[in-house]
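User: I've got a model open on my screen and would like to talk it through. Can you help me read it?

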Amino acid sequence: MTVIAIANQKGGVGKTTTAINLAAAMAMRGRRTLLIDLDPQGNSSISFLDVRKHDKNMFDVLSNGSVALADVIAPTPVENLDVAPARISLAKLEAMLISEIDGPYRLKDRLDALDRPYEFVIIDTPPALGLITVNALVAATHLLVPVQSSYFALEGTDDLLETVEKIRSRPNPNLKLLGAVITLHDKRTTLSRDVHKAIADVFGDRVFQTTISKSIRLEESPAHKESIFTFAPQSSGAYEYYRLCEEVIERV
Ligand SMILES: Nc1ncnc2c1ncn2[C@@H]1O[C@H](COP(=O)(O)OP(=O)(O)OP(=O)(O)O)[C@@H](O)[C@H]1O
Ligand SMILES: [Mg+2]
């Protein structure tokens, strides 16, 4: 099972947009895929489910030993794609886990106990480097970092990579940096070329060839509870996320 954590503690860089569309792309290629939402904002969940209909969510799984991951997993209208949803209650989790010895390992333990066969698990994380993101990194085989094409793109990257090193040194030595994907790119600006170079200086050959352009369609699709592939199949966003999915499959 390939478990990909999508993380960057900067907010609004395209983590959720990447998580939902990468997960949908995998599923549409016939790969059994589980999207785990670990962000209390629940944006990934809302993109595929009516979360009000799901009384149990990832908060219950991670805070309470009696709720298994399988108990909250819900099918989506996309064939081969299931979602483990989050709700705002997840915001209470960090404070609860901090005093628990197994705090960083909760998600890993729940995933290990899952007997459903998924080829890919994609984890969306909140814009923070706290225990929720640490749970994702401990459970993951791979980390994918969306980096916004902006002047401040690399602010905080040092802290992110330092956290990854700490997690590699003890709880999860096998965690691999799958790559960095440049998002919200506007190729008309010269700034974006400079930013591209700055990102390549930090991530080297780990930068994906595929860059995700700014696209209104990508912004609109979650409100219609659809991935970009059904909402606007001819759009640049659909093409780019399809290409990114191909690159990810080549790299894992
Ligand atoms: N390529 C894109 N083109 C246009 N809009 C985009 C694109 N990618 C993301 N957005 C929009 O930018 C906003 C932030 O994106 P997204 O929610 O994916 O980021 P995030 O990193 O998950 O944010 P947060 O840190 O709050 O969880 C959203 O309104 C989203 O629809
Ligand atoms: Mg998000």
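**Helix α8 and its surroundings**

Analyst: Helix α8 (residues 157-169) has 13 residues and spans 18 Å from its first C-alpha to its last, close to the 18 Å expected at 1.5 Å a residue. That expected span is 1.5 Å times one less than the number of residues. Helices here are DSSP runs (H or I, at least four residues) and strands are E runs of at least two, numbered from the N terminus. Bear in mind that this is a predicted model, where local features need pLDDT of at least 70, side-chain atom pairs count only at pLDDT 80 or more, and totals for chains, interfaces and linings use all residues. Residues are numbered from 1 along each chain as its sequence is written, chains are lettered from A and ligands numbered from 1 in the order written, and side-chain values use heavy atoms, leaving out hydrogens and water.

User: Why do the buried residues of α8 line one face of the helix?

Analyst: Buried means under 20% relative accessible area, exposed over 50%, with partly exposed in between (1.4 Å probe, protein chains only). In α8 the buried ones are Thr157, Leu160, Thr163, Val164 and Ile167. On the other side, Asp158, Lys166 and Ser169 are exposed. Going by directions from the helix axis to the C-beta atoms, the buried residues line one face because they fall within an arc of 125°.

User: What covers the buried residues of α8?

Analyst: Contact here means heavy atoms within 4.5 Å. The cover includes α7, β6 (142-148) and α9 (190-203).

User: Which helix gives the most to the largest nonpolar core?

Analyst: A nonpolar core is a set of buried Ala, Val, Leu, Ile, Met, Phe, Trp, Tyr and Cys residues joined through side-chain atoms within 4.5 Å. The largest has 48 residues, of which Leu34, Ile36, Leu38, Met58 and Leu69 touch the most other members. With 7 residues, the top contributor among the helices is α7 (residues 131-139).

User: Is threonine 133 buried or exposed?

Analyst: Threonine 133 sits in helix α7. Beyond its neighbours within four places in sequence, it contacts Ala7, Thr125, Pro126 and Ala128. Its relative accessible area is 2%, so threonine 133 is buried.

User: In β4, which residue is the bridge partner of leucine 35?

Analyst: Seven strands form an open sheet, in the order β3-β4-β2-β5-β1-β6-β7, with mixed pairing. Two strands pair if DSSP finds at least two bridges between them. Strands β2 (residues 33-37) and β4 (residues 81-84) run parallel over 4 bridges. Leucine 35 has as its partner in β4 valine 83.
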